[in-house]
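This report introduces a protein structure to a reader who has not met it before. Please keep the sequence and the model in view while reading.

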Amino acid sequence: MGPIMTAAAIGTGAIGAVVLAPVVLGAAGFTSAGIAAGSIGAKMMSAAAVANGGGVAAGGLVASLQAAGTAGLSGVATAAVAGTGATVGWITSFFR
């Protein structure tokens, strides 16, 4: 694959990841109204609460996903998601 196609794969991966991140969060149950009952997010929250003695740790994975689902991704989180998507795009450029 040439450099133009590799760049296209990287760009597509980065943009696709940023666009799909809110969709995936919503599908997992991390919505703007909170965590949806019976969802993967609710199961994660329950497991985190059991592991932490009844509460969900501030700054933990569940709390971060809940915040992202409620308020959207921060600039740092958007950059991290875009970087991950770009990496996946770059890796897929090696496969035909």
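## Buried faces of two helices

In this predicted model, helix α4 has A82, G85, A86 and G89 as its buried residues. These residues cover an arc of only 105 degrees around the axis, so they sit on the same side of α4. Among the elements that cover them is α1.

The length of α4 can be checked as well. Helix α4 runs over residues 75-92, and at 1.5 Å a residue its 18 residues should span 26 Å; the end C-alpha atoms are 26 Å apart, which agrees.

Helix α3, residues 61-71, has V62, A68 and G69 buried. Viewed down the axis of α3, the buried residues fall within an arc of 130 degrees and therefore line one face of the helix. Their cover includes α1 (3-27), β1 (30-31), β2 (34-35) and α2 (40-51). Just after α3, G72 adopts a positive phi of about 90 degrees.

The two helices are set side by side below.

| Helix | Buried residues | Arc of buried residues |
|---|---|---|
| α3 | V62, A68, G69 | within 130 degrees |
| α4 | A82, G85, A86, G89 | 105 degrees |

Helix α2 contains M44. Is M44 buried, partly exposed or exposed? With a relative accessible area of 24%, M44 is partly exposed, because the buried class requires a value under 20%. Leaving aside residues up to four places away in sequence, M44 touches F30, L61, V62 and L65. M44 and V62 are 18 residues apart in sequence, and their C-alpha atoms are 6.7 Å apart in space.

Note on methods
Residues numbered from 1 in each chain as written. Predicted model: local features only at pLDDT ≥ 70, side-chain atom pairs only at ≥ 80, totals over all residues. Heavy atoms only, no water. Buried < 20%, exposed > 50% of the residue type's maximum accessible area, 1.4 Å probe, protein only. Helix = DSSP H or I, 4+ residues; strand = E, 2+ residues; numbered from the N terminus. Arc of directions from axis to C-beta. Contact = heavy atoms within 4.5 Å. Expected span 1.5 Å × (residues − 1).
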